[in-house]
Amino acid sequence: MINQIRPVPSTPDVSRNSVRENTTNFHHQIAPKEKKLIEIITVPNPSGQKNQKNVAITFDTKLINNILSKAYSKVSTTEIATPECLAKLVKRKPDLVFSGVKYFEFDGNQIWLNDVLDLNKICYIGSNHAALDLEHNKGVAKLLVKKAGIITADYVVIKKSEEPTYKNMGIAYPVFVKPVIGGDSIGIDDLSLVFNREQLDTKIKQIFDALNCDVLVESYLVGREFSVGILEDELSSVLTAMPIEIIAPKNHRGHRLLDFDIKRLDQETVRKVKNKTLHEKLSEVGKSVFKALGGRSFGRIDIRLCAKGLPHFVEANLMPGLSKGYFYRSCSINLDMTYDEMILLLCSNRLNSC
Ligand SMILES: Nc1ncnc2c1ncn2[C@@H]1O[C@H](COP(=O)(O)OP(=O)(O)O)[C@@H](O)[C@H]1O
Ligand SMILES: [Mg+2]
């Protein structure tokens, strides 16, 4: 095993161990290139859209190719535009597919990349289709998480087809109103925080009309916001949780919400969770959610505190963005990991267990 990316042995670091106890050491050194065929898979994006609905993980393809090329003997990038391209990929049988694509749409049919890869015993980074389905619908994820004994805000899902049923939803105001599917805070704005029936009607209608999807109404969580990066050591199944605090600026009503504009304009700040007890509690919730949803390899769990300071599950991202956003920052803040180390780890971790 000379041509392997392997962990650097841990060195004790008393100052950091306050938040790093029981974590696997994820630092890697680059040995000679490993003889592996890695394919980065993309889909066409003719209009240059930022949020393609069939692409979950966004990253800079060239940068990833450069990083992986330092460690693996053959790294290529392929755009899959037709069923034939997909068939050729299967035939090439790479050792690992690195992709953020969820599905292809060929002649109106959805074909999930991870299903095709599973069927053909080809490894890929991240979770399988079944787990992604559970995470995708925030109502379904909340139900499962609640069943697993993890705290999440009380909620109801308002179906577009059943508009009148929310008249007696049984949740006290203020409530938070958002699309039941989607990410990047699409559909979330100042109007999401709702104090009365009139505002509720307005926001629900806005989501129905603009996004044509069901609506999640849940108790407003007034406290601080966190996201917990999760890394799974796939050989041992040990999970490492990497909480960060995300602080949005106060809006004109004094609330801190990570809404669409705040994320788009990068106005939030991210910081380390220094309090050891809070770090542990957030880590525990993050890991439990990841397990309850059947996550694999890596993910990011969003959490907010209620007025009493209890961590509540908000939503899971089992295909978190792999640019230099929250997931990367959770790795760098908690484990001093560089971006290259993170990308290489996601690959070596998967390859070691395939
Ligand atoms: N129940 C809630 N109470 C308070 N704020 C919430 C609640 N749900 C969501 N938010 C706010 O809205 C943001 C986006 O919601 P989230 O469900 O994480 O959607 P996305 O998938 O777009 O990230 C959260 O980061 C948080 O600031
Ligand atoms: Mg979120």
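Select Leu 305 and Pro 311 to begin: Pro 311, in strand E16, is the bridge partner of Leu 305. The model is predicted. Now show strands E15 and E16 in full. They pair in the antiparallel sense, over six bridges. Look at the turn of this hairpin, where five residues sit between the strands. Pick Gly 309 there; it takes a positive phi near 85 degrees.

Stay with E16. Is this strand enclosed or open? Seven of its seven residues are buried, so E16 is largely enclosed by the rest of the structure.

Next, select ligand 1. Around it stand 18 residues. The closest are Phe 176, Gly 183, Leu 221, Leu 258 and Glu 315. Strands E9 (175-179), E15 (298-305) and E16 (311-317) each give two or more residues to this shell. Color the shell by residue type: eight are nonpolar, two polar and eight charged.

Now color by domain. Why does ligand 1 lie between domain 2 and domain 3? Both domain 2 (133-152 + 222-337) and domain 3 (155-219) give residues to the shell, so the ligand lies between them.

Move on to strand E11, residues 215-219. Four of its five residues are buried, and the strand is mostly covered. Add its partners. Strand E8, residues 155-158, pairs with E11 in the antiparallel sense over four bridges. Strand E9 also runs antiparallel to E11, joined to it by five bridges.

Finish on Val 215 in E11. Ile 158 has Val 215 as its bridge partner. Pro 179 stands opposite Val 215 too.

Note on methods:
Residues are numbered from 1 along each chain as its sequence is written. Chains are lettered from A and ligands numbered from 1 in the order in which they are written. This is a predicted model: local features need pLDDT of at least 70, side-chain atom pairs count only at pLDDT 80 or more; totals for chains, interfaces and linings use all residues. A residue is near a molecule or strand if its C-beta atom, placed from the backbone, lies within 6 Å of it. Ala, Val, Leu, Ile, Met, Phe, Trp, Tyr, Cys and Pro count as nonpolar, Asp, Glu, Lys and Arg as charged, and the others, Gly among them, as polar. Domain bounds come from an automatic or database domain assignment. A residue is buried if 20 or more other C-beta atoms lie within 10 Å of its own, exposed if 12 or fewer, and partly exposed in between; C-beta atoms are placed from the backbone. Two strands pair if DSSP finds at least two bridges between them.
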